[in-house]
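Reader: I should be grateful for a close look at the disulfides of this protein. Please describe where they sit, how they are built and what surrounds them.

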Amino acid sequence: CQHDKDGTCFAFFTKGGLNICPAGTTECTPVDCAVSEWGKWSKCSASCGGGVQTRTRSVTVQAKNGGSACPSLTDEQDCNVEPCKNCVGCAAKTSGPCQHDKANVCYDYYA
């Protein structure tokens, strides 16, 4: 049973085992989780040679009273999977045909 004043639920059973809510309460109903639409995909983590993009969404209604749990709030996909060519400007002593777009570190990726 759910208190009409504060919305909290509690178990209430009469002596006969019947689940009847007393005055000032109503039956608790399950509330399923609800989530927002997916946000935009992030920038790809690599300009070539294979990277990852992510996107997120948020909970708009929390599950309660035995309602369905929330689905995953994060998603990812591969991006820029084409092989890298002619990379220049590798950081430190790194080398290879693929350069990370943030750290300027180069890697040897083989297709």
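Author: The secondary structure of this predicted model comes to zero helices and eight strands. Read from the N terminus, the order of elements is therefore β-β-β-β-β-β-β-β. Of the 111 residues of the protein, 14% count as buried. The accessible surface is about 8,000 Å², and carbon and sulfur atoms hold 53% of that surface. Among the contacts with a separation of 6 or more, 44% are made by residues 24 or more positions apart.

Against this background, the count of disulfides comes to three. They are taken here in turn.

The pair Cys9 and Cys28 has its sulfur atoms 2.0 Å apart. The torsion about this S-S bond is about -125°, so the disulfide is left-handed. Cys9 belongs to the loop between strand S1 (2–3) and strand S2 (25–26), while Cys28 belongs to the loop between S2 and strand S3 (34–35), so the bond ties together parts that are 19 residues apart in sequence. As for exposure, Cys9 has a relative accessible area of 33% and is partly exposed. Cys28 is also partly exposed, at 23%, because the value lies above the 20% under which a residue counts as buried.

The next disulfide is formed by Cys33 and Cys70, with 1.9 Å between the sulfur atoms. The angle about the S-S bond is 95°, and this link is right-handed. Cys33 is placed in the loop between S2 and S3, and Cys70 in the loop between strand S5 (59–61) and strand S6 (74–79), so parts that are 37 residues apart in sequence are tied together. The two ends of this link fall into separate classes of exposure: Cys33 counts as buried at 15% relative accessibility, whereas Cys70, with a relative accessible area of 30%, is partly exposed.

The remaining pair is Cys44 and Cys79, joined with an S to S distance of 2.0 Å. Here the torsion about the S-S bond is about 90°, so the disulfide is right-handed. Cys44 lies in the loop between S3 and strand S4 (51–56), and Cys79 lies in strand S6 itself, so the pair ties together parts that are 35 residues apart in sequence. Cys44 is buried, with a relative accessible area of 7%, and Cys79 counts as buried at 8% relative accessibility.

The surroundings of this pair can be followed through one residue. Gln53 is found in strand S4 and is in contact with both Cys44 and Cys79. Leaving aside neighbours within four places in sequence, the other residues in contact with Gln53 are Trp41, Ser42, Lys43, Asp75, Glu76 and Gln77. Gln53 is buried, its relative accessible area being 16%.

Two polar contacts of the Gln53 side chain deserve mention. A polar atom of that side chain lies 3.0 Å from the backbone oxygen of Ser42. The side chain of Gln53 also makes a polar contact of 2.9 Å with the side chain of Gln77.

To conclude, the Cys9 and Cys28 disulfide is left-handed, the Cys33 and Cys70 link is right-handed, and the Cys44 and Cys79 disulfide is right-handed. In the last of these, Cys44 is buried, Cys79 counts as buried, and Gln53 is in contact with both cysteines.

Note on methods
Residues are numbered from 1 along each chain as its sequence is written. This is a predicted model: local features need pLDDT of at least 70, side-chain atom pairs count only at pLDDT 80 or more; totals for chains, interfaces and linings use all residues. Side-chain values use heavy atoms; hydrogens and water are left out. Helices (H or I, at least four residues) and strands (E, at least two) are DSSP runs, numbered from the N terminus. Buried means under 20% relative accessible area, exposed over 50%, partly exposed in between (1.4 Å probe, protein chains only). Contact means heavy atoms within 4.5 Å. Accessible areas come from the Shrake-Rupley method with a 1.4 Å probe; for residues, only the protein chains shown count as cover. A disulfide is a pair of cysteine sulfur atoms within 2.5 Å. A polar contact is a pair of N or O atoms within 3.5 Å; within protein, one must be able to donate a hydrogen and the other to accept it, and residues adjacent in sequence count only if both atoms are side-chain atoms.
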